[in-house]
Amino acid sequence: MDELKFRRQAYEDPHNQDADFLAQINAKPENQALINELKNLDAKLTNALKVKVADDLADKLILRQQLQQHHKHRRQTGFLVAMAASVAFVVGISFSLMRLGPIDLAEHALAHVYHEGVALQVDQNVNFNQVNAQLASMKDFGNAKFTQQPGKVYYTSYCDFQGVKSLHLVLQGEQSKVTLFIVPLEKRMVLDKTFADGKYQGMGFETPDAFILLIGEDQADLSYIKDEIKNTFI
């Protein structure tokens, strides 16, 4: 039980016998002191109601002051609870808007290459029929498929482009390996025809059912794979 929930329950019912509530009381001396104070206050409230007004007016005035303080504390606690809920709501909305915002495909593709460096080290010897089966399992690709083997394919796996399920391949270029991403068409995607960073070159183009992104260290390899894709991918 967190501190905020504990204090809320304490003000609502300091005699609460819930196990978590009792454990929180014993966890800190200040929690025990708070509970004792609230129990004493409840006892005073009970006693005050038994006292005749005319015989104990001073006590009732003190009681009124204590009640005002008690209600003030409860309002402050309620404010904190509301504020915490508001913060959680704003964070949730911000996260949703972030996922629904424009997607820079070049930026995400480069990030995937660096993050999944192992993809450039393995050799799964992938057949194009296996790639077609993966494409067929993803409804957003329509009828997209390879009509024949697009050269040597070392690696294939699903990947995520900010909530959009895509396909990650590694193929053999003329001289070196090229990473290929096949991403479903979406209006929020932003595709650059060419891009680069300090290490990799990138190329992007569009087919009827997908965005294609190629990343490698040599521009000639990208052009070679682009021709392979255009000849084998429909």
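Start by selecting Thr-232, which counts as buried because its relative accessibility is 1%, under the 20% that marks the cut-off. Keep in mind on this tour that the model you have open is predicted. Thr-232 belongs to helix H7, which covers residues 219-232. Show its surroundings and, leaving aside residues up to four places away in sequence, you will find Thr-232 touching Lys-145, Phe-146, Thr-147, Gln-148, Gln-149 and Pro-150.

**Along helix H7**

Now widen the selection to the whole of H7. This helix has 14 residues, and from its first C-alpha to its last it reaches 20 Å, close to the 20 Å expected at 1.5 Å a residue. Colour its buried residues: they are Asp-221, Leu-222, Ile-225, Ile-229 and Thr-232. Turn the view so that you look down the axis of H7; the buried residues fall within an arc of 105 degrees, so they line one face of the helix. On the face turned away from that buried side, pick out the exposed residues Lys-230 and Asn-231.

What covers the buried residues of H7? Select four strands that are included in the cover: S3 (164-172), S4 (177-184), S7 (201-206) and S8 (210-216).

**Into strand S3**

Stay with strand S3 and pick His-168, which is found there. Is His-168 buried or exposed? His-168 has a relative accessible area of 1%, so this residue is buried. Its contacts, again not counting residues up to four places away in sequence, are with Glu-116, Ala-119, Tyr-155, Thr-156, Ser-157, Cys-159, Thr-179, Leu-180 and Phe-181. For a link across the sequence, draw a distance from the C-alpha of His-168 to that of Ala-109: the two residues are 59 apart in sequence and 9.4 Å apart in space.

**The loop between H5 and H6**

Next, go to the loop between helix H5 (105-115) and helix H6 (128-136), where you will find Asn-125. Asn-125 counts as exposed because its relative accessibility is 55%, over the 50% cut-off. Check its backbone too: the phi of Asn-125 is near 50 degrees, a positive value in a residue other than glycine. That deserves a look, because most residues other than glycine have a negative phi.

Val-118 lies in the loop between H5 and H6 as well. With a relative accessible area of 53%, Val-118 is exposed. Try a distance here: the C-alpha atoms of Val-118 and Tyr-155 are separated by 9.7 Å, while along the chain these residues are 37 apart. You have met Tyr-155 already, as one of the residues touched by His-168.

**Helices H1 and H2**

For the next stop, select helix H1 (residues 3-12) together with helix H2 (residues 19-27). Their axes are 10 Å apart and the helices pack at an angle of about 105 degrees. That angle lies in the range from 65 to 115 degrees, and H1 and H2 are therefore roughly perpendicular to each other. Show side chains where they meet: Glu-3, Phe-6, Gln-9 and Ala-10 come from H1, and Phe-21, Gln-24 and Ile-25 from H2. By class, this contact has four nonpolar, two polar and one charged residues.

**Zooming out**

Finally, show the whole protein, with its seven helices and eight strands. Of its 234 residues, 38% count as buried. Among contacts between residues at least 6 apart in sequence, 54% join residues at least 24 apart.

Notes:
Residues are numbered from 1 along each chain as its sequence is written. This is a predicted model: local features need pLDDT of at least 70, side-chain atom pairs count only at pLDDT 80 or more; totals for chains, interfaces and linings use all residues. Side-chain values use heavy atoms; hydrogens and water are left out. Helices (H or I, at least four residues) and strands (E, at least two) are DSSP runs, numbered from the N terminus. Buried means under 20% relative accessible area, exposed over 50%, partly exposed in between (1.4 Å probe, protein chains only). Contact means heavy atoms within 4.5 Å. Axes are lines fitted to C-alpha atoms, for helices over the stretch in contact, and angles run from 0 to 180 degrees between N-to-C directions. Angles under 35 degrees count as roughly parallel, over 145 as roughly antiparallel, 65 to 115 as roughly perpendicular and the rest as oblique. Ala, Val, Leu, Ile, Met, Phe, Trp, Tyr, Cys and Pro count as nonpolar, Asp, Glu, Lys and Arg as charged, and the others, Gly among them, as polar. The expected span of a helix is 1.5 Å times one less than its number of residues. The arc is that of the directions from the helix axis to the C-beta atoms.
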